[in-house]
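Me: I am new to this structure and would like a close look at one part of it, the place where the two chains meet. Could you walk me through that part and then show me how it fits with the rest?

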Amino acid sequence: MSASASGEPAGKPADTGKTANPVKDSVFSAHDQAREAITYFRPLEERESDYAPLNMRLIRRMFTYTRPYASRRNWLFALTAARGLQLPVLAWLIGQTINGPIAGRNLGGILLYAGVYLALVAAMVVTFHFRQLLALQLGEAVAHDMRSEMFRKLTTLPMSFFNKTKFGRIISRMTSDIDSVRVAVQDVAFVAIVQAVQMTVAALLMAWYNWKLFSLMLLMVPVIWVINQHYRREVSHQLRNLQETWSRLSSTLAESVGGIRVTQAFVRQEINAGFFRKLVNMHGENNVGVAHATAVFLPLLQMKSQLFLGATAFLSGYGALRWQGSLHMEVGDLVMFFFLANFFFDPVQVIGNQYNQALTAMAGGERFFRLIDAVPDWEDAPEATRLMPNHSQGRKTPDSASAGARCEFESVDFEYQPGRPVLSDISFVAEPGQTVALVGHTGSGKTTIVSLLQKFHLPTRGRVLVEGRDLAGVTSDSLHAQMGSVQQNNFLFAGSLLDNIRFARPEASAEEVRSTLRALDCLDLLEALPRGLETQVGERSASLSLGQRQLICFARALLVDPRIVVLDEATSAIDSVTEARLQRALEALLRGRTSFIVAHRLSTIRRADLVLVLEQGRIVERGTHQVLLAAGGVYARLHEEFVRGGAATTGPEFG
Amino acid sequence: MVRAENMPETTSNRAHERRYETGELVRRLLGLAWQFRKDCVQALALGLALLLLALAGLQLLGIVVDVIRHALDPSQRAPAYPFGWTPPASWTPLQAVTVLSLAIVAQALLRAVLTYQYNMVTARLTQGKIVPDLRARLYAKLQRLSFRFFDAHGSSSIFNRVTGDVQNTRLFVDGVVLQGINMLLTLVAYLIFMWRIHPSLTAACLSVTVGLWWVTHYYSGRLRPGYQQNRELYDDLVLLFTESVRGMQTVKGFAAEPHQVRRFERANDRVSDQQRKIFRDLSVFTPATQLLSQLSLVILFAYGGWLYVQGQIPLGGGLVVFAGLLQQFNGQVANITTIANSVQQSFTAARRVFEVLDTPLEVENKPRALVPSRLRGRVAFEGVTFGYLAGENVLQEVSFEAAPGQVIGIFGLTGAGKTTLLSLIPRFYDPQGGRILADGKDLRDLEIDAYRRQIGTVYQESFLFSNTVSANIAFGNPHATREQIERAARVASAHDFILSLPHGYETVLGESGVDLSGGQRQRLALARALLLEPPVLILDDPTASVDPKTEHEIISALREAMGGRTTFVVANRLSLLRRADVILVLEKGRLAHLGRHDDLARKPGPYRETALLQLMDLAEDGDESEPAKLRKRESRETTQPIMNSEARR
């Protein structure tokens with residue numbers, strides 16, 4: 001177990017556990033000390049269980065992953081059985097050699113036995129080679145297939161799944177859960193077989209030699225089993241404590257690193273250091289606690305063979321020297337048992353450990369299959385067909401826009417959760433090539449409308465139509481292939497700028513990318529970076545400024561030559577000069593495409609063909625900017641807010 | 001983490017790595033062990049005791065066998081007791097056997113107890129002392145290092161240094177020093193005992209052991225880089241997976257699912273292919289070692305058996321014991337390679353750990369630094385020149401003075417040096433040329449922490465911790481009272497929205513807590529900055545990434561916050577700058593213009609350009625001639641007083 005070796009919990013410390021540790025809680029319940037903490041710690045976080053009971057159906061299901069490798073698997077079964085046989089036989093042979101030719105001073109016999117032994121060893125080594133190779137290959141193949149299936153499954157699930165599932169959980173399915181199933185397939189079954197066969201063979205041999213001595217050994221077996229289980233339980237309890245302090249430690253550390261600027265600006269170095277020292281000391285204590293559990297039980301278990309040998313020595317002495325008749329024992333039995341004893345005792349422990357491993361695998365397997373079996377909230381209807389693109393064959397350059405698509409919302413209602421409507425009775429038409437601006441306060445439903453347009457959710461009532469076709473009958477990917485969107489979070493993937501821009505069209509050439517950037521009038525800005533378009537975008541795109549990220553997202557959306565464009569203008573991290581260039585370029589690029597803009601800039605709204613004013617999920621006003629301003633209603637009020645909040649420098653005219 | 005645009009970019013983590021010689025590493029690591037020498041000696045003593053007990057146990061068993069055989073058949077060789085000790089003649093063989101058996105049991109019990117002791121001593125030493133101590137030291141040092149270090153090394157590297165690298169560094173003490181000495185003693189002891197039984201038998205069996213060692217050495221040389229590569233490939237796979245999940249909306253939005261699946265499959269295949277290479281090596285290596293061990297056993301029985309037949313060695317005390325010793329000896333040989341690997345691991349880790357401990361602090365207190373009383377807030381730059389790298393100056397000869405309570409706006413295009421200028425004010429770096437004064441005193445003469453407490457900072461995207469709202473606001477002073485916290489929140493216009501949160505001030509922010517909007521976050525950050533009622537306020541583009549409505553909220557909040565404090569605000573939006581008493585216009589590190597908004601809007605240059613653009617954005621419908629309006633206003637310029645800080649209150 002890596003835990004005791006490295007002192008850290010194996011795998012990712014994704015979830016913490018409950019603990020009823022009064023000492024620890026008191027340290028952190030004191031008012032001041034809690035205040036020093038950087039992160040808030042919850043002692044009772046919901047936790048995924050470590051163990052699940054053995055379940056034949058689940059086991060069978062896990063083994064179906066080995067079906068493509070059936071021959072390998074079957075060979076493996078045979079080999080493990082053979083191996084289980086070989087080691088005790090070898091030990092028996094040694095015993096025989098000592099008791100036979102050696103004791104009998106038969107040199108020829110010694111050589112013969114040695115020769116047989118060598119032959120057996122050769123066979124054993126070959127067996128072992130294949131057994132190990134096949135097991136490892138099988139395990140990796142199963143893990144490979146599981147990973148692949150899981151990823152595919154994830155891509156078919158709708159966004160609602162990702163919105164409601166914790167990110168960390170999804171990741172640990174892929175990493176630790178698949179791994180524990182792999183270990184189960186590769187090790188547990190086969191190791192258990194080897195051990196069981198070994199134990200049986202050793203038992204048979206010993207019983208055959210001297211069943212009285214053997215019955216003595218049998219007495220020890222339940223003792224060992226009990227001690228082993230006790231030990232594992234104690235260790236896992238300690239491990240839970242360890243995981244909890246680890247979780248505190250790592251979250252404090254991670255946030256300290258992320259918030260270093262704030263830490264130094266507010267002179268928190270000393271306080272944080274003192275608090276962290278307390279944390280690492282606590283964690284160290286828990287580590288020692290785990291070591292303690294191990295240190296108590298393991299020597300107890302190791303003692304068994306010594307104790308047994310002592311008892312055997314005594315008994316065989318008695319048996320040989322005193323007892324005659326039915327209780328007579330050969331001294332040779334002692335020698336034999338010396339070599340065979342461990343083959344009998346060790347499996348008890350090993351099988352015990354494998355059993356626990358199997359329980360962990362059950363839990364992991366359960367979670368994995370729950371994900372694989374997850375029924376998506378909704379799916380494209382089986383009869384859904386592709387939305388056909390309008391333009392002719394061959395890609396046009398981004399300058400010549402393809403004919404936009406006509407979009408319509410027909411009395412659409414939507415609620416994320418039943419009983420909490422987010423949109424009510426939304427109806428509008430966007431003619432091909434029009435620009436629709438959505439305005440309203442946060443929470444008025446703007447993002448939801450474009451979300452429905454992209455078929456990330458299905459409307460609760462009403463229809464969303466594109467080119468006259470109900471989206472319910474259109475395949476999602478054909479729809480997305482004709483849309484380009486720029487969202488609020490400007491998400492970029494690890495890789496070069498170039499790769500990110502052609503994310504949706506990987507086959508696009510670098511020249512096409514450049515011409516898109518040129519059309520957006522920002523090619524020079526990106527080529528000015530140290531490695532130009534080959535600049536690597538790193539961890540969370542941290543090496544680029546917000547403005548640069550936005551530009552890349554724009555280029556990405558437009559490279560696909562979309563008929564429908566969705567744009568969320570919420571962030572505006574670009575400096576005004578660049579922004580102006582971008583606005584002008586966008587104007588040209590959006591011509592001909594139907595665009596939906598969650599608008600914040602007056603210039604955008606002014607140029608829109610249709611402005612929809614939203615309030616609490618309803619369209620309260622619609623029209624062009626001029627018309628709405630003249631109407632003096634909600635929009636006019638909003639407009640004044642914009643203006644007031646902006647850089648109005650001329651005094652009295654704007655009040 | 002948003003960095004200054006001019007901070008030098010490093011493409012690899014190795015760029016700033018200090019070179020450590022092996023000798024120096026060994027010395028420092030040994031020094032680490034020396035620091036805890038008492039515990040080390042204790043562990044070694046226990047290890048030695050265990051070794052002797054193990055040997056004793058083996059011996060006893062062998063003697064029992066011989067005693068019994070001798071008793072049954074006096075023609076057999078007499079048992080050889082160690083140290084020439086012979087049992088009293090009055091003992092029957094059975095009594096001797098009984099005593100010996102009891103001795104074996106006693107030895108087993110003693111061994112169990114000492115093993116427990118050994119493991120506890122080692123655990124307390126490593127996990128209870130070395131690791132926490134190293135971690136605490138690293139962390140304390142990290143908290144004081146400059147931002148430059150953090151940006152150069154990336155957060156996961158730094159995280160790993162405190163976690164995994166510390167464990168691997170400590171591995172040198174127990175995995176290398178203790179284990180190494182233990183192993184050495186064990187090997188020597190077993191060797192001696194085997195030799196005593198029969199020298200040439202020992203030589204014969206050990207010839208195979210040498211082969212065993214060689215095989216182990218060879219294969220770990222092959223396997224180690226394989227494992228390393230596999231880890232990297234696996235990390236890539238996990239990264240791809242993680243990204244796809246995080247960016248699933250983007251993936252779906254561009255119908256890129258098939259593309260991502262293909263990428264994932266490729267990465268998956270790469271991992272599996274590489275694993276198969278490792279398996280091939282592994283499945284040759286392990287059987288090979290087994291083969292060699294067994295071979296030595298064969299030699300033992302063939303040659304040893306012959307020796308027994310010749311009468312040169314006893315059966316129990318000879319062959320059986322020898323077999324046990326040989327088994328143990330071979331087992332230890334595998335340890336040699338483990339220890340060698342541990343050395344490598346600990347060196348790699350120690351380099352990274354020592355690098356943190358050795359990196360010098362960017363700014364340090366002068367001896368007898370002055371602890372300033374409450375500053376009035378007069379800040380001056382005198383000919384300040386600064387660059388992150390030698391020879392590449394980001395700021396050149398910047399000079400200006402801010403009177404107490406003034407609002408200083410800082411404007412400039414990307415890369416002009418605005419954030420850098422701001423970071424010099426709390427003395428995060430020292431300028432190479434010129435000096436910075438606070439209330440007339442050079443910053444280098446002031447005590448750093450006391451000085452920084454008088455400055456409140458709000459960054460572009462403020463970092464809030466996953467803690468309660470009140471803990472976040474009280475970050476600068478964990479012992480702040482509820483009144484103080486609420487007062488700061490009120491000034492920052494945050495009090496009302498905080499009360500509307502599910503648990504008010506005790507609401508927990510962060511992943512499983514509440515997500516706040518951009519405007520709310522910035523207002524919290526502002527409250528945090530205001531808690532200590534600092535005379536100086538630094539705002540680095542606080543409205544950069546928010547929408548105009550939120551900007552409006554933040555600016556109203558700022559209005560009250562800035563009252564009476566010397567405020568430095570970097571902004572691109574005129575909404576903030578027009579309230580400034582003085583605006584510094586930076587161009588490529590130099591102070592190009594200095595003045596009030598109206599003056600600057602008239603002078604040709606980037607400021608005027610930006611002003612025009614932003615005005616156009618708000619122009620009334622149809623009338624594109626906002627510039628015309630501006631010019632119109634200029635022409636009827638009156639002596640309307642510009643709002644200054646006093647009038648704002």
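Reply: Let's start with one pair of side chains that you can find in the viewer: Arg144(B) forms a salt bridge with Glu270(A). The closest N and O atoms of Arg144(B) and Glu270(A) are 3.2 Å apart. Please keep in mind that this is a predicted model, so every distance here is computed from predicted coordinates.

The link between Arg144(B) and Glu270(A) has company, for the interface of chain A and chain B holds three salt bridges by the rule used. Polar contacts add to the picture: 26 residue pairs between chain A and chain B are in polar contact, with both residues at pLDDT 80 or more. On the side of chain A that touches chain B, helix α11 of chain A, residues 269-321, gives the most, with 31 residues. By residue type, that side of chain A is made up of 86 nonpolar, 52 polar and 25 charged residues.

Now step back to the whole contact region. Here 163 residues of chain A are in contact with 169 residues of chain B. About 15400 Å² is buried between chain A and chain B, and carbon and sulfur atoms give 67% of that area. For the complex, the predictor gives an ipTM of 0.84 and a pTM of 0.78.

Salt bridges turn up elsewhere too: a search of the whole structure finds 42 over all chains. One to look at lies within chain A, where Arg173(A) forms a salt bridge with Asp177(A) and the closest N and O atoms are 3.1 Å apart. Arg173(A) and Asp177(A) are four residues apart in helix α8 of chain A (residues 167-209), so about one helical turn separates them.

Next, the sheets. Chain A has an open sheet of four strands in the order β2-β1-β4-β5, with antiparallel pairing. At its edges are β2 (420-430) and β5 of chain A, each pairing on one side only. Inside this sheet, β1 (residues 407-417) and β4 (residues 461-466) of chain A pair over five bridges in the antiparallel sense. To trace that pairing, find Asp413(A), whose bridge partner in β4(A) is Arg461(A). Moving on, β4(A) is joined to β5 of chain A (residues 469-470) by two bridges, and these strands run antiparallel. There, Val466(A) has Arg469(A) in β5(A) as its bridge partner. The hairpin of β4(A) and β5(A) has two residues between the strands, and Glu467(A) takes a positive phi near 55° in this hairpin.

Chain B also has an open sheet of four strands, in the order β2-β1-β4-β5 with antiparallel pairing. Its edges are β2 (395-402) and β5 (441-442) of chain B; each has a single partner strand, so one side of each is left without a neighbour in the sheet. Five bridges join β1 of chain B (residues 379-386) to β2(B), and the two run antiparallel. A pair to find here is Phe381(B), which stands opposite Phe400(B) in β2(B).

Finally, a word on confidence. Chain B averages a pLDDT of 83, and 88% of its residues score at least 70. Over residues 620-626 of chain B, however, pLDDT stays under 50, and the model has 11 contacts beyond four places in sequence for them. Residues 631-649 of chain B also stay under 50, with 23 such contacts in the model. Where pLDDT is low, the predicted coordinates should not be read in detail.

Methods. Residues are numbered from 1 along each chain as its sequence is written. Chains are lettered from A and ligands numbered from 1 in the order in which they are written. Side-chain values use heavy atoms; hydrogens and water are left out. Contact means heavy atoms within 4.5 Å. Buried area is the accessible area (1.4 Å probe) that two parts lose on being put together, summed over both. A salt bridge is a side-chain nitrogen of Lys or Arg within 4 Å of a carboxyl oxygen of Asp or Glu. A polar contact is a pair of N or O atoms within 3.5 Å; within protein, one must be able to donate a hydrogen and the other to accept it, and residues adjacent in sequence count only if both atoms are side-chain atoms. Ala, Val, Leu, Ile, Met, Phe, Trp, Tyr, Cys and Pro count as nonpolar, Asp, Glu, Lys and Arg as charged, and the others, Gly among them, as polar. pLDDT is the predictor's confidence in each residue, from 0 to 100. Two strands pair if DSSP finds at least two bridges between them.
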